Each structure stands twice: as structure tokens, then as C-alpha cells.
Amino acid sequence: MLTIQFGQCGNQVGHTLFSKISSDLECVNTGVSYNANYDYSEDTFNKWFSGISKDNKRLARAVLVDTEQKVIHKVYNEINAPWTYSTKNVICQTEGGCANNWAFGYLRKGYELSDVILNCIRQEVEALDHFDGFLSFLSSAGGTGSGVGSYITKLLREEYDKKSIITTTILPFSFGEVCTQNYNTLLTLAKLYNESDVNIVIENEQIYSMCTNLLKKTSTNLQDMNEIISEKLLAVLQPINHVKYSVNSLLSKIACHPSYKIATIKSTPHVPTTSAKYEPICNWNLYVRHLKQTLRIPHLNSQLTDVELKRPSSSLSNTMHHAYACSVSNILVTRGITTQEDLIMTNEFREKHLYAEWNTIDWFSHLHQNRKFLNYKKFLALITNNSEISYPLDTLLSKAWNTYVHSAYLHQYKQFGLEEDDFLQAFAVLENVVKEYKELVPYVKKE
């Protein structure tokens with residue numbers, strides 16, 4: 001797998017991800033035999049690293065792209081990490097930035113940087129005996145991640161049409177980032193929907209709430225949020241005790257229909273580092289039930305607390321009336337040791353009424369890895385493709401359309417060649433995506 005980090009946010013998330021990978025590799029009490037841990041470590045290294053540097057550090061298999069130096073300089077020059085980036089894979093212009101403008105990033109900077117980026121990617125791909133696909137990180141709010149990221153993804157699809165492309169898109173806070181963020185997000189999601197195989201969407205507000213509610217952070221910063229994002233991604237992408245598990249098999253299950261290509265990741269447990277050793281460890285089935293409850297949606301005018309922001313509790317099953325989002329597909333990944341007294345039961349996720357009627361096969365998969373993950377005795381992640389994604393997208397469409405009908409900020413995009421037809425086409429693409437997801441009928445359960 002080759003990771004591509006676009007813009008400030010993409011480079012910060014990618015850097016935290018590789019730091020987490022290294023931490024996972026260096027765990028001592030893994031819960032498995034020496035040989036099993038050796039195989040896991042070897043698979044991890046081969047998946048994420050391209051070799052060893054001259055100063056004996058792991059070389060991340062990643063390409064770094066930015067139009068400003070500040071963040072990329074910081075992540076590249078960290079000297080204390082046991083891993084590093086290859087100098088030839090750092091692509092950064094020394095001036096400019098993209099002015100929080102998707103059109104500038106897509107039509108100007110993306111074009112200017114495309115040759116050097118693609119040449120760098122080709123060298124990495126050609127050096128591999130086996131190549132699974134691309135994993136990219138970008139924020140949709142600014143100009144580089146959204147614009148340059150979208151443009152390069154389009155070129156990757158043209159040149160590597162048979163290879164998997166997974167994009168990880170960080171959605172901005174509803175208020176307070178940049179005035180053009182709704183336009184940038186609209187244009188990014190519309191372009192990526194046509195070019196990537198699956199778009200894993202991360203909502204900044206959700207991650208921030210997890211930091212404050214679960215990790216008890218009184219002053220949450222970007223690093224705190226990036227650590228949760230990285231744990232979610234790695235819980236899904238790290239090696240599994242499954243000979244057929246690969247990026248392609250994951251994509252074939254989670255994005256099994258071309259009209260539904262957006263996924264989110266629910267995960268548990270997340271506990272404060274300072275109190276982790278004192279936290280009670282629940283049995284597997286309580287964690288599994290907790291993740292199922294994260295698929296609940298408000299019903300009959302009830303106000304349900306976002307279950308992912310709460311600690312696992314058996315009391316959640318006592319709600320009298322609730323509805324579940326209709327899923328296209330779900331993949332549950334569990335990591336940790338099981339025993340005869342504490343087996344993992346997944347029957348609740350296999351209930352057909354939780355899924356779209358047209359999906360008659362492979363609507364749910366369970367993958368397990370015995371080895372501990374980042375020193376968690378048990379860790380679970382649910383990568384889900386379900387109707388709930390329509391809510392944040394619908395909100396985005398409303399805000400972007402309200403700005404568009406007043407012609408606000410349009411001149412900033414037109415000066416770089418983006419026309420009103422381009423906006424209308426993006427609206428049409430995303431409106432159709434929202435329509436498709438809304439037509440997935442939620443399952444209402446009464447107990």
C-alpha cells in the first residue's frame with residue numbers, strides 16, 4: 001500500500017498514523033507467540049514501509065504533498081521517531097499555498113505539481129513486488145488537500161485504473177474554519193465520488209467530541225484528534241488472521257455497489273492514557289453490542305445520545321423504541337485474545353433486516369486478529385456503509401446552496417477557471433448521493 005498525504009491536515013494525520021504503526025510494532029506484551037508476533041510485524045512492515053534508512057530508521061512508504069512548508073517541514077524533520085520519510089518523496093512548493101480555494105488547488109497547483117507527484121508515485125509502485133493500492137489523506141476544508149488531492153486522485157484513476165484507491169477525507173467543523181469550506185467540501189466529495197473506490201469520511205466534530213467525552217480532554221488539540229483518527233484507520237487496516245484479507249477484499253465488501261461508496265468507522269474502547277491500566281475490561285459481546293448501538297438513529301422525535309461518545313454499558317439495550325440505520329454492508333474487526341469463556345458472538349450484526357434488501361450476499365463480515373493492538377487488551381472497529389451518512393452531507397448541501405444562490409465567494413473560484421456549471425454539476429452529484437442513501441429504509445425495532 002502507498003499512502004499519499006495532501007496538505008497540512010493530510011500530512012499531520014499521515015504522520016500520526018505512521019507513529020502509531022511504529023508504536024504497535026514495538027509493543028512488548030502482544031498476547032501471542034513469538035512466531036505469531038514475528039509474522040504480524042513482518043506483514044506490518046511490508047505493508048507500510050519500503051526499507052531501512054541510512055540511520056537505521058524505518059522508511060515510510062508515503063508521498064508527502066503540500067503547497068506550504070510549515071507542516072511538511074515539521075513532520076519530515078522529527079528526529080526522535082524510529083521511522084522517517086524518504087527525502088525524494090517530499091514534494092513541497094516554497095511559496096503560495098492554495099488560499100483555501102479548491103479551484104486554485106485543482107486547476108492551478110494540481111496541474112503544476114502533477115508531473116513530479118506522478119513520477120514519485122511511479123517509482124514507489126515499480127519498486128513493489130505486489131501492490132494493493134493507494135491510501136490518501138486530505139482535508140476537504142482548505143485548498144491543497146481538497147483541490148490538489150482531487151486532481152491527483154483523478155490522474156491516479158486514469159493511470160492505475162485496476163488498482164484500489166481509498167481516500168480518507170476529514171470533514172471540517174460546522175462553523176469556524178474557513179468561509180469557503182462548504183464549497184471546497186462540496187467540490188471535493190463530488191470529484192472523489194467518481195474517482196475513488198471508497199471514501200472513508202471522518203467528521204471533525206465527532207472526533208473532537210470523542211476526545212472530550214471519552215478521553216476527558218479539557219483542552220483538545222489537533223494531535224489528540226489525529227491519534228483517534230489513526231487508531232480507527234489502523235484498527236481496520238493492520239494485518240488480520242485471515243489469509244484472504246486484503247485491501248481489494250475489504251473494498252469488495254464495504255463498497256459492493258457503485259452508488260454507495262462512502263464509509264465511516266466506529267471504534268471502541270477509547271480510554272484516557274493516564275487511567276488505562278485501571279479501566280475495567282468488558283467482555284467481547286458487550287463491546288460488540290456497543291458498536292451495534294452506534295448504528296442507532298433518532299426515531300419518533302426521540303433525542304438519542306451518540307452512542308460512540310459513551311462508554312460501553314449493558315444498559316444501552318434497555319431503550320424501548322429505536323431505529324437502526326440501514327446498512328449497505330458492515331465489517332467488524334476485533335483485535336485481542338479470545339477464550340472459551342469469552343467468545344465473540346456476531347449474530348446481531350448478521351440480522352438481514354439491518355441491511356438493504358437488494359444486498360443478498362456478504363452484507364456482514366467479521367475479521368479477527370489475536371495479537372493485541374497498541375497495548376489494548378481488546379479493540380474493535382466497525383467500518384460501516386450506511387444511510388446515516390446522508391445527514392452530514394445533506395447539511396453540507398444546504399449550507400453550500402444557501403451561499404451559492406447569493407453568489408457569495410464565487411468570484412474567488414471563477415478567477416481560476418471554475419464556472420457555475422461546475423458548481424451545479426457538483427451539486428447534482430452530491431444530491432444524487434444523498435438521495436440514494438436516504439432511500440435506504442431504516443429498521444425500526446420495538447422491545
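Me: Buried area is the accessible area that two parts lose on being put together, summed over both. How much do domain 1 and domain 2 bury between them?

Reply: About 3,500 Å². Of that area, 60% is on carbon and sulfur atoms. Keep in mind that this is a predicted model.

Me: What makes L214, K253 and I254 stand out in domain 1?

Reply: These residues lose the most area to domain 2. Together they account for 19% of what the domain 1 side buries.

Me: Where do the domains run?

Reply: The domain assignment gives domain 1 as 2-263, domain 2 as 268-388 and domain 3 as 390-439. The C-alpha centres of domain 1 and domain 2 are 25 Å apart. Their contact takes 42 residues from domain 1 and 34 from domain 2.

Me: On to the rings. How many aromatic pairs are there?

Reply: The structure holds 26. Y34 and Y38 make up one of them, with ring centres 6.4 Å apart.

Me: Why is the pair of Y34 and Y38 called stacked?

Reply: Check the distance, then the angle. Rings pair if their centres lie within 6.5 Å, and these centres are 6.4 Å apart. Planes under 30 degrees apart count as stacked. The planes here are at 25°, so the pair is stacked.

Me: Where do Y34 and Y38 sit?

Reply: Both are in helix 2 (residues 34-48). They are 4 residues apart, which is about one turn of the helix.

Me: Are these two tyrosines buried, exposed or partly exposed, and how do you know?

Reply: Exposed means over 50% relative accessible area. Y34 has 66%, so Y34 is exposed. Partly exposed covers the range between 20% and 50%. Y38 has 46%, so Y38 is partly exposed.

Me: What makes Y413 and F423 an edge-to-face pair?

Reply: The angle decides. Planes over 60 degrees apart count as edge-to-face. These planes are at 80°, with the ring centres 5.5 Å apart, so the pair is edge-to-face.

Me: Which helices does that pair link?

Reply: Y413 lies in helix 12 (residues 410-414) and F423 in helix 13 (residues 420-438). The two are 10 residues apart.

Me: How do you know whether Y413 and F423 are buried or exposed?

Reply: Buried means under 20% relative accessible area. Y413 has 0%, so Y413 is buried. F423 has 1%, so F423 is buried.

Me: Which residues form one aromatic cluster?

Reply: F18, F45, W48, F49, W83 and Y85.

Me: How do you know that a charge sits over the ring of F373?

Reply: The charge must be within 6 Å of the ring centre and within 35 degrees of the ring normal. The charged end of R335 sits over that ring, 5.7 Å from its centre. K352 does likewise over the ring of W363, at 5.1 Å.

Me: How do you know that the length of helix 6 agrees with what it should span?

Reply: The expected span is 1.5 Å times one less than the number of residues. Helix 6 (residues 181-195) has 15 residues, so it should span 21 Å. Its end C-alpha atoms are 21 Å apart, which agrees.

Me: Why is helix 6 described as largely enclosed?

Reply: Because 13 of its 15 residues are buried. Helix 1 (residues 7-25) passes the length check too, with 27 Å expected and 27 Å found. In helix 1, 14 of the 19 residues are buried, so helix 1 is also largely enclosed.

Me: Why is K57 called buried?

Reply: The cut-off is under 20%. K57 has a relative accessible area of 13%, so K57 is buried. K57 lies in the loop between strand 2 (49-52) and strand 3 (58-60).

Me: What does K57 contact beyond its neighbours within four places in sequence?

Reply: The contacts include G51, E78, P82 and W83. K57 and P82 are 25 residues apart in sequence, and their C-alpha atoms are 5.3 Å apart in space.

Me: What makes K232 buried?

Reply: Its relative accessible area is 2%, under the 20% limit, so K232 counts as buried. K232 lies in helix 8 (residues 222-237). Leaving out residues up to four places away, K232 touches I207, M210, I265, K266, S267 and E308.

Me: D224 is in helix 8 as well. Is D224 buried or exposed, and how do you know?

Reply: Buried. D224 is at 11%, under the 20% limit, so D224 counts as buried. Beyond its neighbours within four places, D224 is in contact with C211, K217 and S219.

Technical notes. Residues are numbered from 1 along each chain as its sequence is written. This is a predicted model: local features need pLDDT of at least 70, side-chain atom pairs count only at pLDDT 80 or more; totals for chains, interfaces and linings use all residues. Side-chain values use heavy atoms; hydrogens and water are left out. Rings of Phe, Tyr and Trp (its six-membered ring) pair if their centres lie within 6.5 Å; planes under 30 degrees apart count as stacked, over 60 as edge-to-face and the rest as tilted. Buried means under 20% relative accessible area, exposed over 50%, partly exposed in between (1.4 Å probe, protein chains only). Contact means heavy atoms within 4.5 Å. Domain bounds come from an automatic or database domain assignment. Buried area is the accessible area (1.4 Å probe) that two parts lose on being put together, summed over both.
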